[in-house]
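Good morning, and thank you for coming. Please look at the sequence and the structure on the screen while I speak.

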Amino acid sequence: MFAALGLALGAAQDPLLVELRAPRREWYAQEAIPIEVRIGVAQDFLERDLLPPFHRRLDLPLLLEGSWLPAAQPDAGDGFSFALNGAEAWARAGGAESRAGRAWSFYSYSAVLRADQPGELALPAVALRYAVGTGFRDDPIHGRVAAGREDRMIASEPLRLTILPLPVAGRPASFRGAVGRFELEAAAAPLEVAPGETLTLRLSIRGDAPPASWEPPDLGLLPGFELRGQLDDRGSPVRILQYELLLRNADARAVPAIEFAYFDPAPPGGYRIARTEAIPLRVRGAPSQPAAPAAAAVADLRLQEPRASAPPPHRLTSAAFVLALLLPAALTGSFGLFQRRRARDARDPLRVRARRAAAHFQRALARHPERCAAPFAEYLAARLRLPAGAALAPSLESRLLAAGLPRDGAREAAETLADLLAAEYGGPPCADGAARARAQVRRLERHFRAGRPA
Amino acid sequence: MIGLLLALILQSGGAPAAAAAYQNGRVEEARLIYRELLAAPDADAAALHHNLGHCALRLGRPAEAWYHYLQAGGPAAASADLEAARALAARRLGLTPAPAPAPHQRMLAAFDGSAPAQALAGIGLALTIGGIGILLLRGRGWLWLPALLLLLGLAGAGRLAHRAWLAAPEGIVLDESAPLRDEPHAALAARVSLPPGARVRILARSDRWLRVEHERGSGWAAAGAIGLLEPGTP
């Protein structure tokens, strides 16, 4: 059972021994290591030869010295008193046995240690000091009295242990340093709350680890609640935590189960999670103040489902930037031109007539090239700002000349119109009449659009 | 070994594996997978930053969470969940909650957070309507209205250009503290230290150092202590 021990027998032939023992050689960091100091002494030697080290009477007249041994806990009443580092301590009876024909009694003193860091841990030897009487004589009053006294000491062997680091594999994200065995209880009050109101959650954590060695659960992660405050009664073995929780979500129907991750070093050693039961709440419907947005604690946060393939992020390119500036400028400019033309048209309706006549001529030419005399005449009249029939008059050439056309152009236009009219009304056919008319209109348009006086 | 494990996880469906790890408390594992996914060229960066922020927050790294939440998107990608997460990270970092923004600040934030295409469309619209409005209302009493719109469009174009090409890149302090030194040498004593979550301007870059500027001062910080923000991050 005791894998590690350091043993020393008493000096000379004194029937006395002291040893350091631990249940096993390997321990985890922060694990409670029960160390036993075992003292054995022959019963007759104890009763007959040992003298008390102090004036105070002790059950075991022995002084145990080991600076690393923690101070003794008060006796429950069934211990055997002895001296530990100068103060009174109590050992438990550890059985009796017979060795070499003598009856031995054993006593054990237990202490719990914890190693902070992994590595080799060497516990120094402990010393057991005692005094042996010499030259005993019988005194009528005090009985058997020693004439002399001899102080002696024996020491144990040091105790070597191996401290292992806590494993990384399987460590829960919520692990906060607790090593040992723990139990969890939770209670909440009041159990009827409205969003925006607070309740107190009392969490009792019972465990064999000192409270300073671990952190309590982080309830900043509690779904639907916001942690407003926390009281910590660092008692041992029960640590009591009181959390003030603000209910933020009207959908919450309970204080969720609280989880507490710890490392249980009992072989084979592993991480465990202690859980409380969820505490049902009665949530009043109407919030006394507006509830906060959905996720007020980390545990409320919802993951997003990433798309398997997302388009690359839009980056601003200089081309797009320039286009974004030029396009409005172009639109505005176009609108300005349009507006200017509309104004000019409003001031001069005959311009509109001329434009429309040109368009009409083009359409007529495309549909019935053999009957384009009338549209051509209307075009010429519109451009000359005359009534429609005026173009048919013999004075057409002179009017075109007056409008600024060159002489040959004016003559050609008048002749083309005459040929077209003749062809339509029974005269000789004019094979190239349509082509000539188109060329005339093109030339006249260039002339009039160039701003020459109409 | 870890690479092999990650490869296996990714083969088995990266995002679902990460989500399962997250839900089962293996947050560090989920974080590693999301980071791997983020490195892909066609990654859904907004969602992955969002999830990485959650992982960092659960792992007790609020500065890293803050960094990811900022990258998760501007007002366009904002959700109640993201806003609450940002608030939570800010609270953990001890950042003073900003007072409620004035209307013009909200408009600026919305503009800064918008995608470049949206911003350009808005600018183009303002310039066009402003220009045409001036032409239409010339000589009338309401000319100031399109003129204002035109000016707003021009100002927006200027802001967009500054943000895209002229403004110094920014970063977030990820470590518990980021000591600033006069020169990029670790042996030099730190002049000032920046708190986690602090937003800094990147003035220059060296091999493993960044020259940063903050209201507390400027100096060289280890590049690993600063998370670089994408240009235009609000």
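Let us begin at A:Ile35, in a model that is predicted. Which residues is A:Ile35 in contact with, leaving aside its neighbours within four places in sequence? One group is A:Leu20, A:Arg21 and A:Ala22. Another runs through A:Tyr109, A:Ser110 and A:Ala111, with A:Leu113 as well. A:Trp68, A:Leu123, A:Leu159 and A:Leu161 complete the list.

These contacts lead us to the core. A:Ile35 and A:Leu64 are the residues with the most contacts inside the largest nonpolar core, which has 41 residues. Several strands of chain A give two or more residues to this core, among them β2 (16-22), β4 (32-42), β8 (87-99) and β9 (102-114). The helix α1 (43-48) of chain A also gives two or more. There is, in addition, a second, separate core of 31 residues, including A:Ala381, A:Leu396, A:Ala414 and A:Leu420.

Let me now place these cores in the whole chain. Chain A has seven helices and 23 strands, and 41% of its 454 residues count as buried. Among contacts in chain A between residues at least 6 apart in sequence, 62% join residues at least 24 apart.

Chain B has 234 residues, of which buried residues make up 41%. Its secondary structure comes to nine helices and seven strands. For chain B, 52% of the contacts between residues at least 6 apart in sequence join residues at least 24 apart.

How do the two chains meet? In this model, 43 residues of chain B are in contact with 36 residues of chain A. The size of an interface is often given as the accessible area lost when the parts come together. Between chain B and chain A, the buried area is about 3300 Å², and carbon and sulfur atoms give 67% of that area. On the chain B side, B:Asp44, B:Leu120 and B:Trp165 lose the most area to chain A, together 15% of what that side buries.

What does the rule find across this interface in the way of salt bridges? It finds zero salt bridges between chain B and chain A. It does find one residue pair in polar contact.

Finally, consider which parts of chain B touch chain A. Six helices each supply at least two residues, including α2 (14-23), α4 (45-58) and α9 (144-166) of chain B. The most comes from α8(B), with ten residues. By type, the residues on this side of chain B divide into 27 nonpolar, eight polar and eight charged.

Terms used. Residues numbered from 1 in each chain as written. Chains lettered and ligands numbered in written order. Predicted model: local features only at pLDDT ≥ 70, side-chain atom pairs only at ≥ 80, totals over all residues. Heavy atoms only, no water. Core = buried A, V, L, I, M, F, W, Y, C linked by side-chain atoms within 4.5 Å. Buried < 20%, exposed > 50% of the residue type's maximum accessible area, 1.4 Å probe, protein only. Helix = DSSP H or I, 4+ residues; strand = E, 2+ residues; numbered from the N terminus. Contact = heavy atoms within 4.5 Å. Buried area = accessible area lost by both parts, 1.4 Å probe. Salt bridge = Lys/Arg side-chain N within 4 Å of Asp/Glu carboxyl O. Polar contact = N/O pair within 3.5 Å; in protein donor to acceptor, adjacent residues only side chain to side chain. Nonpolar A, V, L, I, M, F, W, Y, C, P; charged D, E, K, R; others polar.
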